[in-house]
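Please read the following account with the sequence and the coordinates side by side. The text moves through one chain, then turns to its partner and to the place where the two meet.

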Amino acid sequence: MPKRTDLKTILVVGSGPIVIGQACEFDYSGTQGVKALRAEGYRVVLVNSNPATIMTDPDMAEATYIEPLTPEILERVIARERPQALLATLGGQTALNLAVALAERGTLEKYGVELIGANLEAIRKAEDRQMFHRCMLELGLDVPRSLSVADLAAAESAGRELGFPVIVRASFTLGGAGGGIVYHQGELLAKAQAALQMSPIHQILLEESILGWKEYELEVMRDRKDNFVVVCPIENIDPMGVHTGDSVTVAPAQTLSDREYQAMRDDARRVVSAVGVETGGCNVQFAVDPETGRRVVVEINPRVSRSSALASKATGFPIAKIAAKLAVGYTLDEIANDITKATPACFEPAIDYVVTKVPRFAVEKFGEFALDTAMKSVGEVMAVGRTFKESLQKALRGLEGGVKGFESARAASEEDLMKGLATPSSARLGFVKAALERAMAAEEIAKITGIDPWFLDQMAELVLFEARIAREPLSAELMREAKRLGFSDAQIARTRRSAEARVRARRQALGVRPAFDLIDTCAGEFESKTPYFYSTYAGAPSLAPVAQRAPRKTRGPKNGKVVILGSGPNRIGQGIEFDYCCVQACQALREMGHESVMINCNPETVSTDYDTSDRLYFEPLTLEDVLEIIDFEKPLGVVAQFGGQTPLNLARPLAEAGVKILGTQPRAIDLAEDRKLFGRVLKSLKLLAPQSGIAENPRQALAAARRIGYPVMVRPSYVLGGRAMEIVYDDASLKALAAKALSASEHSSLLIDRFLADATEIDVDAVSDGKDVFVAGVMEHIEEAGIHSGDSACTLPTHSLSPMVLDAVCRATKSLALKLGVRGLVNVQYAVKDGALYVLEANPRASRTVPFVSKASGIPVAKIATAVLMGRPLRRLVSAKLLKAPPRLPYVATKEVVLPFIKFPGLDPKLGPEMKSTGEVMGIDRDFPRSFAKSQEASGMSLPKAGTVFLSVKDEDKAAIIPVARELLRLGFTLIATRRTREFLVRHGLEASPVAKIGEGKPDVADLIRQKAVSLVVNTPSGKRERADGFIIRRTALELDVPFITNIRSCQAALGAISAAKAASGSDGLEVRPIQDYYRDLGPEVRSAGRRLAAS
Amino acid sequence: MANALLVLEDGSVFPGRSCGAPGESFGEAVFHTAMTGYQEIISDPSYMGQLVAMTYPHIGNYGVTPEDEESDKPRLAGFIAHEICAKPSNWRSAESLPEYFRRRGVVAIDGVDTRALTLRLREKGALRGAISTVDLDAKSLLAKVLRSPSLIGADLAKAATCEKAFTWSERASPQGRRVAVMDFGAKYGILRRLAALGAEIRVFPALTKPEEILAFKPDGIVLSNGPGDPAAAAYGARAAKALAESGVPVMGICLGHQLLALAFGAKTFKLKFGHHGANHPVMDLESGRVAVTSQNHGFGVDPESLPRFLRLTHKSLNDGTCEGLAHAELPVFSLQFHPEASPGPHDAWGAFPRFEALMSRRREASLRHA
């Protein structure tokens, strides 16, 4: 069937900020979808609050709204743009929920907007567990027994009926949030209460436990003619009980016979058609009892998902792109297979390799959590190998988690080991290896872990062979077999107590090199036109010359190849922002006539779409893997400054191996990262830095702190990115901290800096070509210094800095960039205190804020940097005016972060020097209060317009709270406070009602929060003596979704926003406007910056 | 340690490990892209004379079970894989694949770079080859390969068929139809699908005279799949013609489809490397719907050669080749792919009800006449 011609404008909704359970896979799918719809000639209107996405780049959609993802805002966009259709299946759970909300409030009907991709009925059937179960039972399909309840009494009796353990699931929540496994009635009631609260419809499902069953997912597509294909079956190594997003998974399925697999496929087909998913991609999950083969349907997601991104990357079948085309009327047989170009998309990919996905957890931030049905991982890595063993080892080394492959966890005792095996956690595979090393039988491990013995046998082969590597001479045969099994040079070196470089030299001398094979959707049956590769050592070297492997050249004459190193798995501090920069670099290189060669191992990203670069290598970002690709590709050079710390860490060893690093050289990186060297640079430029000292023992630490003066910022010297950083206020705490930190590690030294209390922090992104420096954006943080820059809200342009300070910032940035020898991007962080400018740090690479700056100004900063790397002079990329002063914006953009506290019970939801946020949003409007209001709304914090505000602030903030309280009263809020704060307020003539502290009578603050009698909590944690009740207050507010603010500056900004929102609600609320419109208000020098790379 | 050798007629040599019975076996090397279903493939008589290489690297993971056999014994010449699993894991597994191979006398090799092999076959077309666990000298093995016969002109159906007629064991329903199956190397999967319709099934050897089959008074006749060059099985085409013209509904599958086409004057030809997989899209030209089908054939029907009364009903979306025919006047149709699947998706199971509908119509018509 041809595409629909009755549709002209299609509204696409993105998934908003990166949160646990919803990451950049939706930028990948959204970008594909938007591109596909535009290629078909539709006008695309896009709404997404996340500025770090490629999909929100101004040339992707016709009209791009970087606005809060709420039904009210979407209604306003619909009223303004009048789309005929809404495609909500590419934006994760967020977009799907919004579609339901828009339908329910009548917006879709009012404006005549049709839901395409999945209709309301289908979404409801799939999302409402009870309806879904009923539907499955009507089909005669087996499901776990379950009961849906809406209150605690019902939960209690349901628990009795089902028998423990019982699975608790909250309806309509992301990534299984609020759910979990409970083993007795008490646990059930506690969990049920929280889950009921979290479910937007106050409904939870209690389910028969199928813990330990085998778990499978089928990624399927269906079109309006009922054509149906399974793109890929995925098997989870971790059995049922661990969220799929937290499981190690493998594609294709390994342990199902054809009879069983086809029966599952038949079920999936029936499920999809009964639920009524008429067009698009869908994910159907099954559980199989390993003893009997009983198969139950677990759930269906009527949209693209994290798993569908994985399946797309694993097979070369672009699910989101095809889903978009199906949504506008095409059928599968009418769409070509992009990879072969010759066969249609109406087929099931055949793959001749094994794909393994391993999740990455933020253990270093939040500690080790036992895994359950609520997702906790922050990223993932995918690896491709000819065998499971090869792909597992590649995935594990790609994690950058310290292991170089399949390595064992340290288990001090038998008991530790058993516990490690029995408890699903990020470390469990390590315990499996430890158990195998102690010769525990695979059957025994299978019984404890629920991991299928097939996988364990494969792992046992690795353990056996590792013993041979340790024992036997490193012959060609041993080396070849080791590499076939996926052992990295580093692992071999460790096992043999040798050096990685020596092992590599030996290996290459023996002629043991990888082959690069194609991911071609068809197991080699047809010729592939798309250069999408993975490495393998499976090739038999004694063969007569092998026919076509990876062809070295793919496109016509070009200006040479350039390798771009991606950023690997998402983690806190290194996520989509860096992928954004890498994708822009690919685009820029293409524009300039270079062949871009992308290396990355993160399946969620746009950078690993085969459409993004000219050549894609799905490979771990380790020195070994990168060197082999470079040796094969022979590029002009390597771009290492866009992918964050991962490629930056590779830059030096690559340079040492003779690889040309484009742009800033490793020496300059050292200059910026080494404190002593950097101190000298600052001194020579007459720039200030906070006083600092280094201590190797507690005595030195105390001396240094006294010299500098408290409070001081303390961190161990061997960690990066704010990890384990603390602000210390007195000798006693410093002593305790120093003793702990200095004993924990042999790299024992502490860095002690003066902490600039109440300073204003500034972030600058700039590009330098060695002669000129283009300051692209100067951002002012909302929160005071001391909160990690990655967790701070910030605005562009700055809103409180004087022109003099701004000028000083620009001058300092320019001199630093030139002095450090930056070629390309640099990010500098400053603090302003009492009119003095301090340099906090400089990073000669793309920063987390580059996409924000680009979205706020419309300037493709990363593209300009790419052109500079390729030797283009800045003068030809941006105008002289911009080289003098940063772009002037006649509006304000505010970046706000989102935090994952809700996923980690027991964690104090407060900000500090260690970064914890997972993602960001942007609010853009004509002034700061409005843009701040939007940023808060977009980040999920809905600021109240009326009600009761609870105030509780530390002594240092008491003075600052007076104007805040006064303004709150003026805005019509009532105030409540605990005794001391209240007395203070009353003394200043401000009215506030008393409330009991926790433990000092009933009802206390937490009770009021629970009763929703409080509409805003202002609680600034005391740095000196953190009281337990502060934690309880913040945690309670978090769990009950009551807005809370933990620092005074944010509070001040919030007041402005509330005031603006109140004023706006008098008319018709906050207005919406596409970024393309905002850009029209910019000067010509801004609009033309970096626009014509090819001609530069 | 290489203790087996695969050699192709173009001189390619693949050392590997012996994973089955000892010996030396010659055949035409083909690659198969299904990711599951190795047991069904191994026991499918259509692979007689062929060395089957699986493109999926892990084979044998879920073992072997008697329920999944597609014939009384494997007839393929040999089996090639990247890695064959000796310790299967599945609740239905009765034995491991290497054990099965040894018990059944199948020569098998693993440790082969099957992607390299596949690309070679894709480029050069199907090649003769040998697997040996006794002669590890590549030159001498190659010389033997070059002397071995080609599949072109080989009538293997005669060897793949049953020795004497038998009745399929599954119980028929009282209202079920009587179906005669001409066995050119029939898969049990076809018989199981017919049995699922409640049919009473009698299987006849390939050389059975048409009169003998008609004497069984079948409601319908199935011309089965089977190995070898259809053009070499002239007796099959003659029988097909006689049976089709008897007015009894006939369904041809794979080789049976090719024999029907030959019977009505169309031509067959050898495909470059054949269709062997479980993911082949086939469009039903009437409904416009696509089925993902299981396929296994090295020869095809030339659509240019079709007589007027043979209508093209299905075509392959991968290469446009003929995948199904129907006779304009007679209740006769045929499919190049395997509607019974096993292995592969069940998308084309509808062919069996379609066949049943033809049988019902004829029985109703005959009742009216009576």
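What follows is a walk through a predicted model, taken one region at a time.

A convenient place to begin is A:Val166, which is found in strand β7 of chain A, a strand covering residues 166-170. This valine has 27 C-beta neighbours inside 10 Å and therefore counts as buried. Leaving aside residues up to four places away in sequence, A:Val166 touches A:Gly159, A:Val182, A:Leu188, A:Leu206, A:Glu207 and A:Ser209. A:Gln185, for its part, stands 19 residues from A:Val166 along the sequence, and the C-alpha atoms of the two are 9.5 Å apart in space.

Further along chain A comes strand β13, residues 280-288, which is mostly covered, with nine of its nine residues buried. Strand β13(A) has pairing to follow in two directions. With strand β10 of chain A, residues 214-222, β13(A) pairs in the antiparallel sense over nine bridges, and within this pairing A:Glu219 has A:Asn283 of β13(A) as its bridge partner. With strand β14 of chain A, residues 295-301, β13(A) is joined by six bridges, and these two strands also run antiparallel. Here A:Phe286 stands opposite A:Val297 in β14(A). The hairpin made by β13(A) and β14(A) has six residues between the strands, and in this hairpin A:Gly293 takes a positive phi near 85 degrees.

Continuing along chain A, one reaches an open sheet of seven strands with mixed pairing, whose order is β17-β18-β21-β20-β19-β22-β23. The edges of this sheet are formed by β17 (515-518) and β23 (661-662) of chain A, each of which pairs on one side only. A parallel pairing in chain A is that of strand β18, residues 532-536, with strand β21, residues 615-618, which are connected by two bridges; in this pairing the bridge partner of A:Tyr532 is A:Leu616 of β21(A).

Another open sheet of chain A also has seven strands, in the order β32-β31-β28-β29-β30-β33-β34, and its pairing is antiparallel. The edge strands in this case are β32 (836-843) and β34 (919-925) of chain A, each pairing on one side only. On average, and with direction ignored, neighbouring strands of this sheet are turned by 25 degrees against each other. At the β34(A) edge, seven bridges join this strand to the antiparallel β33 of chain A, residues 892-898, and A:Val898 finds its bridge partner there in A:Gly919 of β34(A). Helix α30 of chain A, residues 861-869, lies across β28 (760-768), β29 (773-784) and β31 (824-833) of chain A, and runs at about 45 degrees to β28(A).

Helix α33 of chain A, residues 958-970, is the next stop. Its 13 residues reach 19 Å from the first C-alpha to the last, which is close to the 18 Å expected at 1.5 Å a residue. Which residues of α33(A) are buried? They include A:Ile961, A:Val964, A:Ala965 and A:Leu968. Seen down the axis of α33(A), the buried residues fall within an arc of 105 degrees, so they line one face of the helix. On the other side of α33(A), A:Ala959 and A:Arg970 are exposed. Just after the helix α33(A), A:Gly972 takes a positive phi of about 95 degrees.

In chain B, strand β1, residues 4-8, and β2(B) pair in the antiparallel sense over four bridges, with B:Pro15 of β2(B) as the bridge partner of B:Leu5. Four residues lie between the strands in the hairpin of β1(B) and β2(B), where B:Gly11 takes a positive phi near 95 degrees. Strand β2(B) is also joined by two bridges to strand β8 of chain B, residues 108-110, and these two run antiparallel; B:Arg17 stands opposite B:Asp110 in β8(B).

Strand β2(B) leads on to the interface, where 47 residues of chain B are in contact with 52 residues of chain A. On the side of chain B that touches chain A, at least two residues each are supplied by β2 (13-18), α3 (114-124), β15 (268-284) and β16 (290-301) of chain B. Helix α3(B) gives the most to this side, with eight residues. By class, the side of chain B that touches chain A has 18 nonpolar, 18 polar and eleven charged residues.

Methods: Residues numbered from 1 in each chain as written. Chains lettered and ligands numbered in written order. Predicted model: local features only at pLDDT ≥ 70, side-chain atom pairs only at ≥ 80, totals over all residues. Pairing = 2+ DSSP bridges. Axes fitted to C-alpha atoms, helices over the stretch in contact; angles between N-to-C directions. Contact = placed C-beta atoms within 7 Å. Nonpolar A, V, L, I, M, F, W, Y, C, P; charged D, E, K, R; others polar. Expected span 1.5 Å × (residues − 1). Buried ≥ 20, exposed ≤ 12 C-beta atoms within 10 Å, placed from the backbone. Arc of directions from axis to C-beta.
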